[in-house]
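Open the model in your viewer and keep the selection tool ready. The stops below go through side-chain contacts one at a time.

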Amino acid sequence: MPSQKIISALTEIESSSTPQNRLQLYSDLLSETVSTTPEPQLADDLIYYLDSALGEDISIVTARPILDTFIEALRKLSSETQIKVGQHAVTLLQSRSTSVEEQDAQIREILADAYEAEEEYIAAARALQGIHIDSSQRLVSDSAKVRLWIRIVRLYLEEEDTTSAETFLNRIKNLPNKIKEHDLQLHFDLSQARIQDARRRFLDASLQYFNVSLASGVDESDRLHALAAAIRCAVLAPAGPNRSRFLGTLYKDDRANSIEEYGILEKMFLDRLITPEEVAAFSQRLAPHQLAQTADGTTVLDKAVVEHNLVAASKLYENIKTDALGSILGLESSGDLTAGEKAEAYAARMVEQGRLSGTIDQIDGIIYFESSTTATGRHIRQWDVGVQGLAEGVERVATNIMDKYPEFATAQAV
């Protein structure tokens with residue numbers, strides 16, 4: 001309920017016949033109300049004030065400066081008051097939205113800030129969605145549109161609402177002009193990575209996270225955080241040639257060995273078997289959606305590790321009994337399926353999808369791996385990686401020498 005003081009003051013203003021006089025009286029009353037009214041009462045008094053200041057008998061010419069003054073006062077209030085008053089202001093402006101679009105946008109931004117401060121991210125996103133950006137009354141640049149949509153995307157992602165987030169990310173993709181600002185491009189890439197991550201498109205997400213980790217203008221700690229996210233997503237991606245190539249890119253990054261996820265990255269890249277203890281330790285660093293169960297009751301991590309260990313087994317054996325393979329993969333019998341039958345099903349799916357080379361003899365229960373790589377082959381891979389790393393190191397040293405001693409480099413070239 002509004003206080004008697006505000007009711008009396010507004011009744012007096014409304015009886016004034018001069019518009020200019022009314023404008024000054026409204027401005028003076030707003031200043032006095034904000035400075036003297038106790039916080040618990042302030043929201044009710046400001047709502048009553050708005051009902052009067054934006055009444056039907058107030059012309060739009062008078063309403064605009066009143067709104068401008070009101071917006072400046074609203075910025076300085078508590079988030080709780082901003083939400084209560086801002087909601088009412090937005091509702092009142094709907095009937096006049098075409099005439100006060102700029103003021104409506106400013107109030108919605110204040111409202112979104114207040115919601116975000118209270119961690120009500122969906123409400124903040126919806127407040128921003130109401131801003132008119134395609135209007136003849138208000139010119140909004142593509143850059144401003146992108147900045148608004150990126151913020152809405154990030155707010156939805158805070159609540160894991162990837163469907164709504166992707167809707168606004170697609171609006172950015174459909175703009176005729178590319179994003180020019182570096183910071184906006186960075187936020188776009190990170191948002192896209194988070195959406196792909198949540199949608200379990202892990203290999204695509206890993207690539208996006210890795211690109212963010214290499215971007216300029218990012219704090220070193222944030223770069224390493226993005227690199228760690230790239231490694232986690234690569235580990236969760238389906239086993240196969242594409243993932244193997246990208247695991248190599250991550251493994252050869254000089255920063256990788258400073259990250260906790262390096263141990264499992266190394267084992268996956270070098271096709272070594274991963275133990276249940278290592279899986280349990282790695283799972284502690286995963287997000288809830290990365291540990292969600294699939295239709296068959298296993299997690300994405302379980303499936304990724306089983307597929308990896310199957311590929312690793314194919315490097316160790318030319319052929320193997322399905323029961324023995326089930327034991328190596330740590331599978332257990334359940335329902336009508338034995339561990340060996342589960343191992344056979346995993347192998348069959350990977351062979352069918354071209355992610356594993358081999359054949360299956362279902363009568364004898366034996367899997368034959370084609371082009372199996374022996375232990376010697378694995379050592380050759382390690383040797384190749386070492387040689388490549390050495391070559392890259394020599395190239396970096398040569399570049400540093402040329403940068404620091406250009407005269408010496410020029411003389412050597414001659």
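Start with Glu-32, which counts as partly exposed, at 36% relative accessibility. This is a predicted model. Add Lys-5 to the selection: the side chains of Glu-32 and Lys-5 meet in a salt bridge, 3.2 Å from N to O. The pair links distant parts of the chain, with Glu-32 in helix α2 and Lys-5 in helix α1 (residues 4-14), 27 residues apart. The structure holds 16 salt bridges, and more of them follow later in the tour.

Stay in helix α2 (residues 19-36) and turn to the aromatic rings.
A search of the whole structure finds five aromatic pairs. Select Tyr-26 and Tyr-49, which form an edge-to-face pair, 5.8 Å centre to centre with 85° between the planes. Tyr-26 belongs to helix α2 and Tyr-49 to helix α3 (residues 39-53), so this pair links distant parts of the chain, 23 residues apart. Are these two residues buried or exposed? Tyr-26 is buried, with a relative accessible area of 0%. Tyr-49 is buried as well, at 2%.

Next, select Tyr-251 and Tyr-262. Their rings form a stacked pair, 5.8 Å centre to centre with 5° between the planes. Tyr-251 lies in helix α13 (residues 241-251) and Tyr-262 in helix α14 (residues 262-269), so the pair ties together parts that are eleven residues apart in sequence. Tyr-251 counts as buried because its relative accessibility, 15%, is under 20%. Add Phe-269 to the selection: Tyr-251, Tyr-262 and Phe-269 form one aromatic cluster.

Now go to Glu-261, in the loop between α13 and α14. Which residue does its side chain meet in a salt bridge? The partner is Arg-232, at 2.8 Å from N to O. Arg-232 sits in helix α12 (residues 220-236), 29 residues apart from Glu-261, and the pair links distant parts of the chain. Both ends are buried: Glu-261 has a relative accessible area of 3%, and Arg-232 is at 14% relative accessibility.

Select Lys-267 and Glu-278 next. Their side chains meet in a salt bridge of 3.0 Å, N to O. Lys-267 is in helix α14 and Glu-278 in helix α15 (residues 276-283), so parts eleven residues apart in sequence are tied together by the pair. Glu-278 is partly exposed, with a relative accessible area of 30%.

For the last stop, select Asp-113, Glu-116 and Arg-151, which are linked in a network of salt bridges.

Note on methods:
Residues numbered from 1 in each chain as written. Predicted model: local features only at pLDDT ≥ 70, side-chain atom pairs only at ≥ 80, totals over all residues. Heavy atoms only, no water. Phe/Tyr/Trp six-rings, centres within 6.5 Å; stacked < 30°, edge-to-face > 60°. Helix = DSSP H or I, 4+ residues; strand = E, 2+ residues; numbered from the N terminus. Buried < 20%, exposed > 50% of the residue type's maximum accessible area, 1.4 Å probe, protein only. Salt bridge = Lys/Arg side-chain N within 4 Å of Asp/Glu carboxyl O.
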